[in-house]
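Student: I should like to go through this structure and ask, for each label, what justifies it. May we begin with the charged pairs?

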Amino acid sequence: MLRRPEYRRALVFCGIIGIPVSLIAFWFLVLLHELENLIWVDWPHDLGWSDPPWWWPLPLALVSGAVVALVVLRFPGRGGHIPAAGLQAGGASKAAVPGVALAALASLPLGAALGPEAPLIALGGGLALAFRDLARAPATKASTTLLGAAGAASAISALFGSPLVAAVLLMEVAGVGGPQLFAVMLPALLSSGVGAIVFTGFGHWTGLNAESLNIGLPAPPLLDVGDVGWSLLMALGIGVAVHGMLVGGRIAARLVAAHPLRNTVLCALGAAGCAALYAGITGRSPSDVSLSGQATLSQLAADPHAWSVGSLVAVLVFKGIAYTLCLGSLRGGPTFPALFLGGAVGVLLSPLPGLGVVPGMAAGMAAAATATLRLPVSCVVLVVLVVGNSETVPVIVLAAVVAFVTTELLPQGPGIPPFSAQPGRAPRPASSRP
């Protein structure tokens, strides 16, 4: 493959495209982060509250649901794919970029319990194709596949703090193998590496933060039988629970497809109502339930004992319901809330005999992410890098495998309705892997 001149040219072009795509993705992440701080921190402080009041998510959800519904109805690409379908690669379209960006801006900072990874994949792939057309490069099927994967990897690499995660994730999402795998992933790895360098440089030069996912758990003592045994049982339970959320998200997607405007708004308000109930019951910020959970996961890892048992149970229940509703209605990615839910389960169960906080969180995050994405290798790499130590790798791998097998063997539930699929693409059956 490397001896072919056209492939070498494509490889160089992917490296070059990684620069503008990563820059745009960086500023998009910064914009999301700044809007989230403005809406959930600065505005409540300016109005005299230390935390957002219990009702704060409700008007935001009304705006979010209405805007997302209008984007779905009016914009090419319908704002990106339904999160309940999992992460998807391929089918990148430059025409979908405005709708994807607008739907993400209307969802994520305004309280959707979703993450930014799915919009970044769509934006990166679409922008790469747009730059190809600006450069008047040949638009072939092979170049579309290569540039779509490279652009998506470049955009998503800094979000997870590593080009390796981006490359492995796109490899599994693409679902190709053999020589095709090498042909797709080498440009993706190159482009994501370039993107990571650009992100790092701009993070230091500007002083702004694009929120790379890294919670830095401390190294635990050596694993024992209790850590491994409880991790396996926890992964089994998490696999069943997360699979139920995904099925619920697909059901919500079918309801939204029947009446997009009304039911999108209702789902958004339902998720906001969960956050309001959580805040009223626990006295904590409703942002624990709303938003992606990335910042809250870092707080949980830094001081797990600050959470009472009641607060952990409440956040699992209410965020789980909110996550289910958002999976079928708003726009974003499913990864970050799943990581938080898995980590919270690990903290909740850590008092069990022989189970430590760090192994519990690591195994919980691996199980929840794998059950959500059905990408076991990517989830293992992601959680190992997020946790930041090698001692927990065995339970991470075991938990991911158990969760994957569990979710694959369960009934898959309804598929995503055709209305929710991207134009020109058939909806992915619920039982198929991304």
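Tutor: A salt bridge is a side-chain nitrogen of Lys or Arg within 4 Å of a carboxyl oxygen of Asp or Glu. This is a predicted model, in which local features need pLDDT of at least 70 and side-chain atom pairs count only at pLDDT 80 or more, while totals for chains, interfaces and linings use all residues. Residues are numbered from 1 along each chain as its sequence is written, and side-chain values use heavy atoms, with hydrogens and water left out.

Student: What makes D288 and R284 a salt bridge?

Tutor: Their side chains meet at 3.0 Å, N to O. The limit is 4 Å from a side-chain nitrogen of Lys or Arg to a carboxyl oxygen of Asp or Glu, so the pair qualifies. In general, side chains of opposite charge can pair when their charged atoms come close.

Student: Why is D288 called buried, and why is R284 called partly exposed?

Tutor: Buried means under 20% relative accessible area, exposed over 50%, and partly exposed in between (1.4 Å probe, protein chains only). D288 has a relative accessible area of 4%, so the residue is buried. R284 has 24%, and therefore counts as partly exposed.

Student: How many salt bridges does a search of the whole structure find?

Tutor: The search finds two. Besides D288 with R284, the side chains of R374 and E408 meet at 3.1 Å, N to O.

Student: Why is the pair R374 and E408 said to tie together parts that are apart in sequence?

Tutor: R374 lies in the loop between helix 13 and helix 14 (376-387), and E408 in helix 15 (residues 393-409), so the pair ties together parts that are 34 residues apart in sequence. Helices here are DSSP runs (H or I, at least four residues), numbered from the N terminus. R374 is buried because its relative accessibility is 5%, while E408, at 29%, is partly exposed.

Student: What is notable about the phi of R374?

Tutor: Its phi is near 60°, a positive value in a residue other than glycine. Most residues other than glycine have a negative phi, and most peptide bonds are trans. R78 also has a positive phi, of about 55°, although R78 is not a glycine. R78 lies in the loop between helix 2 (57-74) and helix 3 (97-107), and its relative accessible area of 23% makes this residue partly exposed.

Student: How do you know that the length of helix 4 (residues 117-134) agrees with its number of residues?

Tutor: The expected span of a helix is 1.5 Å times one less than its number of residues. For the 18 residues of helix 4 this gives 26 Å, and the end C-alpha atoms are 25 Å apart, so the two agree. Helix 4 is also mostly covered, with 13 of its 18 residues buried. R136, which follows helix 4, has a positive phi near 55°.

Student: What makes the crossing of helix 14 and helix 15 describable in numbers?

Tutor: Two packed helices are described by the angle between their axes and the distance between the axes. Axes are lines fitted to C-alpha atoms, for helices over the stretch in contact, and angles run from 0 to 180 degrees between N-to-C directions. The axes of helix 14 and helix 15 come within 10 Å and cross at roughly 145°. The contact, meaning heavy atoms within 4.5 Å, is made by P376, V380, V383, V384 and V387 of helix 14 and V393, I396, V397, A400 and F404 of helix 15.

Student: Which residues does S378 touch, and why is S378 called buried?

Tutor: S378 is found in helix 14. Leaving aside neighbours within four places in sequence, S378 is in contact with V168, L169 and E172. Its relative accessible area is 3%, so S378 is buried.

Student: What is called the largest nonpolar core, and which of its members touch the most others?

Tutor: A nonpolar core is a set of buried Ala, Val, Leu, Ile, Met, Phe, Trp, Tyr and Cys residues joined through side-chain atoms within 4.5 Å. The largest has 104 residues, of which L114, I156, F160, V289, L300 and F340 touch the most other members. Its largest share, ten residues, comes from helix 13 (residues 357-373). Apart from this core lies another, of six residues, among them I39, W56, L60 and L291.

Terms used:
Helices (H or I, at least four residues) and strands (E, at least two) are DSSP runs, numbered from the N terminus.
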